Amino acid sequence: NLLIPQVRDAEGLSVIPDDYLNASYPHPPCWCLVSDVYLRELGQPVADFKVITNSIRAIASAFRIALHKGEHGFRQIDAPVDYAVVLLGKMASRTPHHAGIYHGGNVLHATESGVVWQDLASLTDLYQRIEYWVKS
């Protein structure tokens, strides 16, 4: 279990703890991190899904089902807010295949090699498609 420090922001939500950076997540790590943060920080469960292949198309399809279909209570927003799910796609014309959590101008996201805390500006250089989603 991760130890969540009792550091709170102006809205009373805990600040993204360093302990996430030391965590490892099963495949797909990015969505497992999103699920973990939503449950621990916001007390909101997020539907888990398992991708049985490393295919980018399979992961993008799972995101489409989890978020775009609206079955799990998410809605897309135009601009990021703290704790928004950030979906990232390398190509603007394709469904995003990577996910993270926005907080304070940065995105916490997990790759196969570990968890990364990265500023949003640098992600816009790497990903052509960026979407923001919040749980309704």
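This report walks through the fold, strand pairing, nonpolar cores and one unusual loop residue of a predicted model.

## Overall fold

Let's start with the broad layout. The protein chain holds three helices and six strands, and along the sequence these follow the order α-α-β-β-β-β-β-α-β. The chain has 136 residues, and 44% of them are buried.

Two further totals help set the scene. If you take contacts between residues at least 6 apart in sequence, 56% of them join residues at least 24 apart. The accessible surface amounts to about 7,200 Å², with carbon and sulfur atoms accounting for 51% of it.

## Strand pairing around S6

Strand S6, residues 129–135, is a good place to look next, as it runs antiparallel to strand S1 (residues 74–77), with four bridges joining the two. Within this pairing, glutamine 76 has tryptophan 133 of S6 as its bridge partner.

S6 is also joined to strand S2, residues 85–89, by five bridges, and this pair is antiparallel. Here you will find valine 86 opposite tyrosine 132 of S6. As a general reminder, side chains in a regular strand alternate between the two faces of the sheet.

## Two nonpolar cores

Nonpolar side chains tend to be buried together in soluble globular proteins. In this model, the largest nonpolar core has 21 residues, and the ones with the most contacts inside it are Tyr25, Leu33, Val34, Val37, Tyr38, Val85 and Ile101. Helix H1 (29–42), S2, strand S3 (98–103) and strand S4 (106–111) are the elements that each give two or more residues to this core. H1 provides the largest share, with seven residues.

Apart from this core lies another, made up of 11 residues that include Val86, Leu123, Tyr127 and Tyr132. Two of these names will be familiar from the strand pairing, where valine 86 and tyrosine 132 stand opposite each other.

## A loop residue worth a look

Finally, do visit tyrosine 83, found in the loop between S1 and S2. Most residues other than glycine have a negative phi. Tyrosine 83 is not a glycine, yet its phi is positive, at about 75°.

Is this loop residue, tyrosine 83, buried or exposed? Its relative accessible area is 2%, and the cut-off for buried is under 20%, so tyrosine 83 counts as buried.

Technical notes
Residues numbered from 1 in each chain as written. Predicted model: local features only at pLDDT ≥ 70, side-chain atom pairs only at ≥ 80, totals over all residues. Heavy atoms only, no water. Pairing = 2+ DSSP bridges. Buried < 20%, exposed > 50% of the residue type's maximum accessible area, 1.4 Å probe, protein only. Contact = heavy atoms within 4.5 Å. Areas by Shrake-Rupley, 256 points an atom, 1.4 Å probe, with all protein chains shown as cover. Core = buried A, V, L, I, M, F, W, Y, C linked by side-chain atoms within 4.5 Å.
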